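This report covers helix packing, burial and backbone geometry in one protein model. The sequence and structure come first, and the notes follow.

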Amino acid sequence: VTPSEVTFSILLSALVRSGDARSVKSAFREMEKYGITPQVYHFNSLMDIHLKSRNHNEIFDLFLEIRRLGYRSDRSTYNLVLTAYVRERREIDALAIFEDMMMKHVRPDRNTFALLMRLYSSAEDVEKCRSWFQRMIKDGVAPGEINYALLIEAFLRAGLVEDAKVAAHEVEAKDILPRTRLSTCLMRLALVWKDRMRARKMAEDLWLNRKDWRFELADVENIIQILSHANENEIVLKFEQFLFERGWEPSVRTRRIVNRIRHPDLMRNDTQNEQSAAFVEMIDRFARASDLIRSKRAFNRMLEEGVNPTTEVYNAMIRAYCFCGEIGMALRTLGELRTSLFLEPDALSYKPIVLALVREKQLDKANH
């Protein structure tokens, strides 16, 4: 019996779900052997499996092959290619793909705009993230859970708490059901508001829905970090157990957080303060030598070793960024400090940024 195009479509769908890239390629060769030309949705299946294994160059090659055959790419095709470009932070190529999509009259969806928002998720790009959110609404695409999560995350990174509040109220007004990522954002925002009751309820919702909602290792570790700062130790230990249920290996930072909860007598504040002071000195020393890379490594090493950053540590990183001319990154770090759950910026947090902005003649930003 000669297999038909439908037979191969069913086979490809099953192979993609199983993640068997070699068998998918083999099925493509079999199609050609039987004289069946792969269609766009067949290419999408192969691109999807390459995306999961992060073989981005294969995706780009398949996209060119679709064009060579004269096929019209659909929304799934464009979203797959866009995902690969966003992962590689290739802004120009990502925007070019979106423009091509619009020129070919392929209507974007909320996932398309989520990818473009993710491209501008850092604090210094918050207005670009906001503009893509507004563009989505203008184009008649209803924002979903992921779009609001990305918007609120961007606002919190930039220290725009009031804007984050407005977005959170929109979520409630539109009756959007928060799932993993948005619930985590709203939980963090509630703690910034000092609304511990609300934050705890969200944490409990996350725990109760752990089997139904999609969780990744980064999601769980983010939840553990946020809740540890709020001293919600009971729920932290539950999520730590969840990591082991999933067979995930926690990071050094997560293990240190859990150890501080389980063995508080072994983790004295005096030791923490001594360690953080040592890292401040290290970061400043590298910054004075104009070695920003080593300053960043020192900061990351501190986090990996489970030392909680203090305001002084953040101030040292702000000084390092300003000294090396990275004002955007200094503003982002200030934003992280302003929306911190347990720290407050002081005059030394703002001083190097104001001086750097004045030197760059950006007086409007300095006054703001």
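Leu237 sits in helix 14, which covers residues 233-245. The model is a predicted one. With a relative accessibility of 27%, Leu237 counts as partly exposed, because that class lies between the buried limit of 20% and the exposed limit of 50%. Neighbours within four places in sequence set aside, the contacts of Leu237 are with Val258, Ile261 and Arg262. Ile257 is 20 residues from Leu237 in sequence, and the C-alpha atoms of Leu237 and Ile257 are 9.7 Å apart in space.

**Two helix pairs**

Helix 6 (residues 91-103) packs with helix 7 (residues 110-119) at an angle of about 155 degrees, and their axes are 11 Å apart. Helix 6 is therefore roughly antiparallel to helix 7, since angles over 145 degrees fall in that class. The crossing of helix 6 with helix 7 is left-handed. On the helix 6 side, the residues that meet helix 7 are Glu91, Ala94, Leu95, Phe98 and Met101. Their counterparts in helix 7 are Thr112, Phe113, Leu116 and Leu119. Sorted by class, the contact between helix 6 and helix 7 holds 7 nonpolar, 1 polar and 1 charged residues.

The other pair is helix 10 (residues 161-173) and helix 11, which pack at an angle of about 130 degrees with their axes 11 Å apart. This angle makes helix 10 oblique to helix 11. Helix 10 and helix 11 also form a left-handed crossing. Helix 10 contributes Val161, Ala164, Lys165, Ala168 and Val171 to the contact, and helix 11 contributes Leu182, Leu186, Leu189 and Val192. By class, the contact of helix 10 with helix 11 has 8 nonpolar residues, no polar residues and 1 charged residue.

**Helix 18**

Does the length of helix 18 agree or disagree with what its 13 residues should span? Helix 18 covers residues 311-323, and at 1.5 Å a residue these should span 18 Å. The C-alpha atoms at its ends are 18 Å apart, so the two values agree.

Of the 13 residues of helix 18, 10 are buried, which means that helix 18 is largely enclosed by the rest of the structure. The buried residues are Thr311, Val313, Tyr314, Asn315, Ala316, Met317, Ile318, Ala320, Tyr321 and Cys322. Gly325 follows helix 18 and has a positive phi, near 80 degrees.

**Positive phi outside glycine**

Lys194 has a positive phi and is a residue other than glycine. Ser290 likewise has a positive phi although it is not a glycine. The table sets out the values for both residues.

| Residue | Phi | Loop between | Relative accessibility |
|---|---|---|---|
| Lys194 | near 70 degrees | helix 11 (180-192) and helix 12 (196-208) | 56% |
| Ser290 | about 60 degrees | helix 16 (269-288) and helix 17 (292-304) | 51% |

Which class does each residue fall into by accessibility? At 56% relative accessibility, Lys194 counts as exposed. Ser290, at 51%, counts as exposed too, because the limit for that class is over 50%.

Conventions
Residues are numbered from 1 along each chain as its sequence is written. This is a predicted model: local features need pLDDT of at least 70, side-chain atom pairs count only at pLDDT 80 or more; totals for chains, interfaces and linings use all residues. Side-chain values use heavy atoms; hydrogens and water are left out. Axes are lines fitted to C-alpha atoms, for helices over the stretch in contact, and angles run from 0 to 180 degrees between N-to-C directions. Helices (H or I, at least four residues) and strands (E, at least two) are DSSP runs, numbered from the N terminus. Angles under 35 degrees count as roughly parallel, over 145 as roughly antiparallel, 65 to 115 as roughly perpendicular and the rest as oblique. A crossing is left-handed if the near helix is turned anticlockwise from the far one by less than a right angle, and right-handed if clockwise. Contact means heavy atoms within 4.5 Å. Ala, Val, Leu, Ile, Met, Phe, Trp, Tyr, Cys and Pro count as nonpolar, Asp, Glu, Lys and Arg as charged, and the others, Gly among them, as polar. The expected span of a helix is 1.5 Å times one less than its number of residues. Buried means under 20% relative accessible area, exposed over 50%, partly exposed in between (1.4 Å probe, protein chains only).
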